[in-house]
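Q: Please take a close look at one part of this structure, beginning with a strand pairing and following the contacts outward from there. I would like a single connected account with the residues given by number.

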Amino acid sequence: MKKTLTCILFALFSTTFVLAQETVTYQPAQYSDGPKGLVRRISENVNPDSRLLSQMDKEGIREVSATIGLIINTKGKLVAIDLLQTSHPKFNEKYFERLVKVLGKDEFIPGKINGEPAVTSIVLKGIKLGITSTVNYTKRKEGRGTFKMIR
């Protein structure tokens with residue numbers, strides 16, 4: 001009797017568990033101009049911090065990278081940027097603050113969960129800032145304030 005009861009409870013629990021599971025469909029948010037358009041928009045609007053570049057130069061670091069998440073609401077608007085990973089402590093949230101204002105004006109296609117608009121994110125890996133060469137500028141006295149490049 002005990003063995004039969006155990007088998008019946010196991011079968012009942014298994015059936016209930018299978019019925020409780022549902023297939024969830026997920027579609028992440030998208031930038032209206034596509035992934036390349038988003039990367040171009042970000043690169044146009046993120047300005048290097050001179051303190052970070054100076055420290056990179058002093059430490060001999062040629063490149064830093066970060067992974068960020070763009071949080072998009074159900075109406076297709078950027079509401080926040082989360083810094084998920086960074087290779088340098090000064091390549092941080094402050095570096096990306098301007099993007100919230102700039103991308104907040106742009107249109108995104110909202111993500112969906114089970115066909116309904118939902119708050120989702122776009123994760124961008126490998127956002128990079130690099131130093132290609134070190135250049136110092138000095139003012140020449142001749143030639144009405146033109147600049148001379150010294151490499």
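**Sheet, loops and helix**

A: I113 has E116 as its bridge partner in β7. The model is a predicted one. I113 belongs to strand β6, residues 111–113, and β6 pairs with β7 in the antiparallel sense over three bridges. These two strands are part of an open sheet of three strands, ordered β1-β6-β7, in which the pairing is antiparallel. The edges are taken by β1 (26–27) and β7 (116–118); each of them has a single partner strand, so one side of each has no neighbour in the sheet. Strands in a sheet are paired through backbone hydrogen bonds, which may be parallel or antiparallel.

A loop residue leads on from this sheet. N73 sits in the loop between β3 and β4. Apart from neighbours within four places in sequence, N73 contacts V79, P110, A118 and V119. A118 falls within the range of β7, which is 116–118. The relative accessibility of N73 is 18%, and N73 therefore counts as buried, the limit for that class being under 20%. Within the loop, the N73 side chain reaches the backbone nitrogen of G76 at 3.1 Å.

The loop between β3 and β4 also holds a charged residue. The side chains of K77 and E107 meet in a salt bridge, with 2.9 Å from N to O. K77 lies in the loop between β3 and β4 (78–86), and E107 in the loop between α4 and β5, so this pair ties together parts that are 30 residues apart in sequence. Both ends are partly exposed: E107 has a relative accessible area of 44%, and K77 has 27%.

The loop between α4 and β5 takes part in a second pairing. D106 forms a salt bridge with R41, and the closest N and O atoms are 2.7 Å apart. R41 is in helix α2 (residues 34–45) and D106 is in the loop between α4 and β5 (108–109), which places the two partners 65 residues apart in distant parts of the chain. D106 counts as buried because its relative accessibility is 12%, whereas R41, at 24%, counts as partly exposed. The cut-off that separates the two classes is 20%.

A search of the whole structure gives three salt bridges. The one not yet described joins E63 and K128, whose closest N and O atoms are 3.8 Å apart. This pair also links distant parts of the chain, with E63 in strand β3 (residues 63–72) and K128 in strand β8 (residues 120–130), 65 residues apart. K128 is exposed at a relative accessible area of 55%, and E63 counts as partly exposed at 47%.

The loop that holds D106 and E107 leads back to helix α4. The helix spans residues 93–103, and its buried residues are Y95, F96, L99, V102 and L103. Viewed down the axis of α4, the buried residues fall within an arc of 90°, so they line one face of the helix. In an α-helix there are 3.6 residues a turn, so residues three or four places apart point the same way. On the face of α4 turned away from the buried side are the exposed residues K94 and K101. At the start of α4, a side-chain oxygen of N92 comes to within 3.1 Å of the backbone nitrogen of K94.

Two residues of this buried set in α4 also take part in ring contacts. The count of aromatic pairs comes to four. In one of them, the ring centres of F91 and Y95 are 4.7 Å apart and the planes are at 65°, so the pair is edge-to-face. Y95 and F96 make another edge-to-face pair, with 5.3 Å centre to centre and 75° between the planes. F91, Y95 and F96 together form one aromatic cluster. As for burial, F91 and Y95 are both buried; Y95 has a relative accessible area of 12%, and F96 counts as buried at 3% relative accessibility.

How values were computed. Residues are numbered from 1 along each chain as its sequence is written. This is a predicted model: local features need pLDDT of at least 70, side-chain atom pairs count only at pLDDT 80 or more; totals for chains, interfaces and linings use all residues. Side-chain values use heavy atoms; hydrogens and water are left out. Two strands pair if DSSP finds at least two bridges between them. Helices (H or I, at least four residues) and strands (E, at least two) are DSSP runs, numbered from the N terminus. Buried means under 20% relative accessible area, exposed over 50%, partly exposed in between (1.4 Å probe, protein chains only). The arc is that of the directions from the helix axis to the C-beta atoms. A polar contact is a pair of N or O atoms within 3.5 Å; within protein, one must be able to donate a hydrogen and the other to accept it, and residues adjacent in sequence count only if both atoms are side-chain atoms. A salt bridge is a side-chain nitrogen of Lys or Arg within 4 Å of a carboxyl oxygen of Asp or Glu. Contact means heavy atoms within 4.5 Å. Rings of Phe, Tyr and Trp (its six-membered ring) pair if their centres lie within 6.5 Å; planes under 30 degrees apart count as stacked, over 60 as edge-to-face and the rest as tilted.
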